[in-house]
Amino acid sequence: MEQGITAVVIEPRSLVREALMSLLTSHSYRVVGNFGSTADIDKSLPAPGLVVLGALPVEEAASAAGSIRARWAKAKIVLLFERASAADIQKLLASEIDGCIPLSASPGALTGTLQQITKSGHRIVVLQTGPLAIARSTGGQEKADEPAVAQNDAAPADVAQNGPTDRKTSVSIVHGLSQREEQILKSVVRGHSNKMIARTCGVTDSTIKVHMKSILRKIRVENRTQAAIWALERGYGAESTQQVKAAA
């Protein structure tokens, strides 16, 4: 792992903050500051490479991330969350946050994900079943430095800006998704397998596979995980309150 990355921990609960500092220090990070909130940050503190935000409500987390980004433009910002709906994930993806990791993750999963975030240009969201990754745009192109991280090369600027419903409708028209394909895409966001989707739609597994190939081609991604991320960013599944799971 890259040695000596400087880190700042922002967490109101002193016990949790101390535990995070200890974990980071044991994995070669240099913790240069720890605060109860963004308002407490020492203005003279040099820019760190990593900022870890303790569990905050989505709106507060997005606001805190914006404040941190304005102060430290190049820092990687990671949120530790307790629970998040599909709509919450969508809001977090639209914020300045570079990574979201559940507090239920093991220490190994936490430090492993932090390593990926700090070493690459990717944004990573860890859900219950594993990581989803989005490549951060660099110089107008998407980069994927590590094979395990998905690349998202969906067209970025062909959707309306009037809210989730309008965005979803516009994307459907531009990319030519049929109603059946939209139904399947929503099921993929929920983590359903081809067999489960086929049972819901009343068709065979092979028919779902054909639809999936068509969906991947139309939205220009390579696999189910990338398709789920593409869909989340554009409002598909936002009406669902259950936690989104990465498709295997």
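## Second largest pocket

The second largest pocket has a volume of about 190 Å³. This is a predicted model. Eleven names need no guesswork here: Val16, Ala19, Leu20, Leu23, Leu80, Pro102, Leu103, Ala105, Ser106, Pro107 and Leu110 make up the lining.

By class, the lining residues of this pocket split into 10 nonpolar, one polar and no charged. Ser counts as polar because it is outside the nonpolar and charged groups. Ser106 is on the lining list.

## Helices around the pocket

Two helices, H1 (14-26) and H4 (107-119), each supply at least two residues of the lining of the second largest pocket. H1 gives the most, with four residues.

## Helix H8

Helix H8 covers residues 205-219, 15 residues in total. From first C-alpha to last, H8 reaches 21 Å, close to the 21 Å expected at 1.5 Å a residue.

Several H8 positions are buried: Ile208, Met212, Ser214, Ile215, Leu216 and Ile219. Just after the helix comes Arg220, with a positive phi of about 60 degrees.

## Lys213

Is Lys213 of helix H8 buried or exposed? Lys213 counts as exposed, because its relative accessibility is 65% and the cut-off for exposed is over 50%. Met212 and Ser214, by contrast, are among the buried residues of H8.

Lys213 can also be placed against Arg224. The two are 11 residues apart in sequence. In space, their C-alpha atoms are 9.7 Å apart.

Key. Residues numbered from 1 in each chain as written. Predicted model: local features only at pLDDT ≥ 70, side-chain atom pairs only at ≥ 80, totals over all residues. Heavy atoms only, no water. Expected span 1.5 Å × (residues − 1). Buried < 20%, exposed > 50% of the residue type's maximum accessible area, 1.4 Å probe, protein only. 1 Å grid on protein atoms, 1.4 Å probe; cavity = no way out; pocket = protein on both sides within 12 Å on 5 of 7 lines; lining within 4 Å. Points joined across faces, edges and corners; volume = space filled by probe spheres on them.
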